[in-house]
Amino acid sequence: MNLQKIKDYRNQFSPYCRKNGIYLEELAQGYARVTKAVTEDDLNPLGFAHGGVYFAVADTACGNAVASHGYMAVTVSGDYNFMRSAKVGDTIVAEAREIKAGKTLCVLECTVKDQEGTLLGKGTFTFFLLDQKIDC
């Protein structure tokens, strides 16, 4: 399995991520790091990044970490704790690590930080592995 090909595939064939500026920067077995620059379009009425932004980057990081096994997967559940806020110009960095790799279910933890390393939140996500290889 070629992790570089999986990384390239995931960056190329994810319309949601492309539209929202979420980019898979690093992929290793059971690990992924994604980034997203916070723009005006990401803000809530308070002027901070909307909660959905954090959840999306965490879910995306975890989904990519699962994809490192070479199979498609879908999110079964996600739990995210918001701790701090990002603002326009910040870069959000989500790092996901697999904590349990099963035959059908995988559980991952994710930290979300800003470009300075300040912890913005943490999440735990569960994915269901599909019987569909990533075609790349």
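Begin by selecting Tyr54 and Tyr80, both of which are buried in what is a predicted model. Show their rings and look at how they face each other: the centres lie 6.5 Å apart and the planes meet at 10°, so the pair is stacked. Tyr54 belongs to helix H3 and Tyr80 to strand E3, so this pair ties together parts that are 26 residues apart in sequence. Now add Phe82 to the selection, since Tyr54, Tyr80 and Phe82 form one aromatic cluster.

Next, move to another pair of rings. Select Tyr9 and Phe13, which form a tilted aromatic pair, with 4.9 Å from centre to centre and 40° between the planes. Is Tyr9 buried or exposed? Its relative accessibility is 19%, and because buried means under 20%, Tyr9 counts as buried. In total, the count of aromatic pairs comes to five.

From the rings, turn to the sheet, and colour the strands one by one in the order E1-E2-E4-E5-E6-E3, which is how the six strands are arranged in an open sheet with antiparallel pairing. Which are the edge strands? They are E1 and E3, each of which pairs on one side only. If you look along the sheet from one strand to the next, you can follow a twist that averages 25°.

Within the sheet, select E5 and E6 together, which pair in the antiparallel sense over nine bridges. As a marker on this pair of strands, pick Val107, which stands opposite Thr126 in E6.

Now bring back the helices. Helix H1 lies across E1 and E3, and runs at about 165° to E1. Helix H3 packs on the sheet, where it touches E1, E2, E3, E4, E5 and E6, and its direction makes about 135° with that of E5.

Finally, select the largest nonpolar core, which has 35 residues, and highlight Tyr54, Ile92, Cys110 and Val112, the members that touch the most others in it. Among the elements that give two or more residues to this core are helix H1 (3-12), helix H3 (51-67), strand E3 (71-82) and strand E5 (105-113). The largest share, 10 residues, comes from H3. In soluble globular proteins, nonpolar side chains tend to be buried together.

End the tour on Cys110 and display what surrounds this residue. Leaving aside residues up to four places away in sequence, Cys110 touches Ala58, Ala61 and Cys62, then Ala94, Glu95 and Ala96, and also Gly121, Lys122 and Gly123.

Notes. Residues numbered from 1 in each chain as written. Predicted model: local features only at pLDDT ≥ 70, side-chain atom pairs only at ≥ 80, totals over all residues. Heavy atoms only, no water. Core = buried A, V, L, I, M, F, W, Y, C linked by side-chain atoms within 4.5 Å. Buried < 20%, exposed > 50% of the residue type's maximum accessible area, 1.4 Å probe, protein only. Helix = DSSP H or I, 4+ residues; strand = E, 2+ residues; numbered from the N terminus. Contact = heavy atoms within 4.5 Å. Pairing = 2+ DSSP bridges. Axes fitted to C-alpha atoms, helices over the stretch in contact; angles between N-to-C directions. Phe/Tyr/Trp six-rings, centres within 6.5 Å; stacked < 30°, edge-to-face > 60°.
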